[in-house]
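Biologist: I'm new to this, so please show me how to read a model, one feature at a time.

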Amino acid sequence: MDISDLFDGLNEAQREAVGAAPGNLLILAGAGSGKTRVLTHRIAFLVRTGQASSYGILAVTFTNKAAREMRARIEALLETPASGMWVGTFHGIAHRLLRAHWQEAGLPQGFAILDSEDQHRLIKRLIREMNIDDSRVPPRQVQWFINAKKDEGLRPQHLEEGYDYQQKMMIELYHAYEEACQRNGVVDFAELLLRALELLRDHSDLLDHYRKRFRHILVDEFQDTNTIQYAWIRLLAGKQGQVFAVGDDDQSIYGWRGAKVENLQQFQRDLADVQLIRLEQNYRSTATILNAANALIAHNSDRLGKNLWTEGVEGEAIRLYTAFNELDEARFAAERIQDWCAQGRRRDEVAILYRSNAQSRVLEEAMMHARIPYRIYGGLRFFERAEIKDALAYLRLLANRHDDPSFERVVNTPTRGIGNRTVEIVREQARATAVSMWQAASDILASQSLPARASNALAAFLALLNSMDDNSQQALLDERVEYVIAHSGLIEFFSKEKGEKGRARIENLEELVSAARQFEFEDEWLEDVAQGSPGMDELNAFLAHAALESGATQATADEEAVQMMTLHTAKGLEFPLVFMVGMEEELFPHKLSIDEPGRLEEERRLAYVGITRAMEQLYLSHAEVRRLYGEEKYTRPSRFIRDIPAELLHEVRMGGGSGQPHYRPAEAQAVQGELHFGQQVRHPKFGHGVVLNSEGSGAQARVQVNFEEVGKKWLVLAYARLEVIE
DNA sequence: GCGACATTGTTTTTT
DNA sequence: ACAATGTCGC
């Protein structure tokens, strides 16, 4: 079979990686060095040379998007559907194993998946139930604690008894939480991974089976693996398996959520004869951008070492803008984006990247003001919306009555006269007799111990669910979803909400029906698993899909738009024009990471990720004054700016004029000789103010002034009798 | 059960 | 500053 096309257009290192002899490989792939290409070509190479069949390959990523992309690219290379090949996220694959072997994993057949919100609510509930002081043991912290322990592979019984109250309580809560999950048949994200690890570890027959099957394991973004993910890979690979790991230690930015960069080094020690290949040729950015990135990251210690280079053009200098404040900074970006578009370039070639989401608002306003369409990534996703989660909770109860988190969620949503008191009684009964709330509610009703009103309301709720179940049992999935939404009372409930909100919610519920309509076991494996397992019907599959793939932030409002996102979200993407805003000490690097060397280095890697997103042009900006948490604060430029050699930077000013450096208003004044940002002025009518912005020249020149008394105003310089205050 | 007021925290995010 | 909770009284 001719496989030369798999090597066409690849460089030396890439070819080496794609065509490497059997064995373990670690590919250190710098930003923009074609790592996805190498990964997919490697898979195609294995299949087309007959070293592996599709059936024998497992490819793991971190996000659904990456997994989808990878599958599509592999299928394009193989020119056939890669059926039998497992391509998915760590969580998706763990889920698949657990569905197939629920018995061995000690799970109920139709187990549900708890997302972080569900998890948070459950923990809060437990804290209350156990009469623990939630100000000393905050739910968020407990959630963090439990997830961190699971990520380390630690069950509560592995934990030493805590020494202080907080520690003790957290361990106790971890115990209680596990019991609750087990009783309710629910599994959180970390649990998926941990169970899948334990499943293989404790069942040698299964381990054998999968080891024989998956002789080739390929892992993307290896630097992001946490302890259990790594352990799972190692376990599954065993001695015979061949692991192809691709990663970049310089792009490790998820240490704070358990990712262990050390796994890259560990990999070389733990696996046999690991061949190390570096991909250092960058195909994305100009030499200038690359040099800046290299210089910056060189300030970190403990790197595996790698120097990106390019044959590409030198490119333009990186622009540095010192804004007066965050408004000025945002306006600057807007103006430069307009220039970009005026040159015939597209808006969607532009990204604005920031450290934290709070920064997006000012930017958003500036874009709106300049009438630049934009799109913000991050925020609530479809399946995370309250109304969607309510509807899903009903569906989950249909699938499994013992799902307490869902029971709690909708027992009185919409309000149906089941007050806190009644729920409290059910909860207590459930706890005392160690049964689900559904069961407890039935028991209480049977014992006739409730006041008539509460009793009737509760009975009505149970009857409602049973009848919804009976009446939709035979229906198709989307009909079933539609039926439940219609009969749960959610529609009436939300239509009472005032304003746009209620309407939007109802639209979302309708959208859920069409999501159900489109969902037809798109993960074809679920269908296999579903065969002969009534607990894993289409409904369950849909619910799992909703939990594991919470859906894009925005639907598909695909107007050509500027992209705005955090630096974290930007990893893996590239844009011709990139703005990195808020390059200030305490914002970036963030205040909470500044004092700890390890965390500071992670911030620097984040800066590295940001810089390397840019293909042609990169703007860095910082504001001298920033309003944050209601306070105006004077800032200092980020140390990361200083990490970049000065000769690669070019300071710019507002208004398209390039050239003269501009450090602070006082200096610029001498150069410019006219009004500039931060200039104090007096107006005969409006009084004292500060110049924020200016545009045009000569008779058309206008300035925007923020007056103490009357706020922001645009004034035509020729008419406004402005007086400069020295 | 709802609206009015108080309190609180406020990095980064996937699954 | 501000949003998102939580608490309290009706």
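Modeller: Let's begin with a term: a polar contact is a pair of N or O atoms within 3.5 Å; within protein, one atom must be able to donate a hydrogen and the other to accept it, and residues adjacent in sequence count only if both atoms are side-chain atoms. What you see is a predicted model, where local features need pLDDT of at least 70 and side-chain atom pairs count only at pLDDT 80 or more, while totals for chains, interfaces and linings use all residues. Residues are numbered from 1 along each chain as its sequence is written, chains are lettered from A and ligands numbered from 1 in the order in which they are written, and side-chain values use heavy atoms, with hydrogens and water left out.

Biologist: Okay, how far is a phosphate oxygen of DNA strand C from an N or O atom in the side chain of Lys124?

Modeller: The distance there is 3.0 Å. Arg361 does something similar, with a side-chain N or O atom 3.3 Å from a phosphate oxygen of DNA strand C.

Biologist: And which residues surround DNA strand C?

Modeller: A residue is near a strand if one of its heavy atoms lies within 4 Å of it. Around DNA strand C you'll find Lys124, Arg361, Arg627, Tyr629 and Gly630. Of the DNA strand C atoms that come within 4 Å of the protein, 41% are sugar and phosphate. We also sort residues by class: Ala, Val, Leu, Ile, Met, Phe, Trp, Tyr, Cys and Pro are nonpolar, Asp, Glu, Lys and Arg are charged, and the others, Gly among them, are polar. The surface near DNA strand C has three charged, one polar and one nonpolar residue.

Biologist: Now the other strand: which residues come nearest to DNA strand B?

Modeller: There are 28 residues around DNA strand B, and the nearest are Asn64, Arg355, Asn357, Thr566 and Arg599. By class, the surface near DNA strand B splits into 15 polar, seven nonpolar and six charged residues. Sugar or phosphate makes up 54% of the DNA strand B atoms within 4 Å of the protein, and bases make up the rest.

Biologist: What does His91 reach on DNA strand B?

Modeller: A polar side-chain atom of His91 is 3.3 Å from a base oxygen of DNA strand B. For phosphate oxygens of the strand, look at Thr566, with a polar side-chain atom 2.6 Å away, and at Arg381, with a side-chain N or O atom 3.1 Å away. Two elements give two or more residues to this surface, α25 (567–570) and α26 (597–611). Names like that come from DSSP runs, numbered from the N terminus: helices are H or I with at least four residues, strands are E with at least two.

Biologist: How do I read two packed helices?

Modeller: Two packed helices are described by the angle between their axes and the distance between the axes. Axes are lines fitted to C-alpha atoms, for helices over the stretch in contact, and angles run from 0 to 180 degrees between N-to-C directions. Under 35 degrees is roughly parallel, over 145 roughly antiparallel, 65 to 115 roughly perpendicular, and the rest oblique.

Biologist: At what angle do α4 and α24 cross?

Modeller: Helix α4 (residues 90–100) and helix α24 (residues 538–548) cross at roughly 155 degrees, and their axes come within 11 Å. That's why α4 is roughly antiparallel to α24. Touching here means contact, that is, heavy atoms within 4.5 Å. On α4 the contact uses His91, Gly92, His95 and Arg99, and on α24 it uses Asn540, Ala544 and Leu548.

Biologist: What about α20 and α24?

Modeller: Helix α20 (residues 477–488) packs on α24 at about 75 degrees, with the axes 10 Å apart. So these two are roughly perpendicular. Leu477, Arg480 and Val481 of α20 make the contact with Glu538, Leu539 and Phe542 of α24. These residues divide into four nonpolar, two charged and no polar.

Biologist: Anything unusual in the backbone?

Modeller: Most residues other than glycine have a negative phi, and most peptide bonds are trans. Here the bond from Thr413 to Pro414 is cis, with omega near -5 degrees, and Pro414 is in the loop between α16 (404–410) and α17 (420–433). Another cis bond joins Phe588 and Pro589, with omega about 10 degrees. Pro589 is in the loop between β13 (575–580) and α26. Finally, Glu79 isn't a glycine, yet its phi is positive, about 60 degrees.
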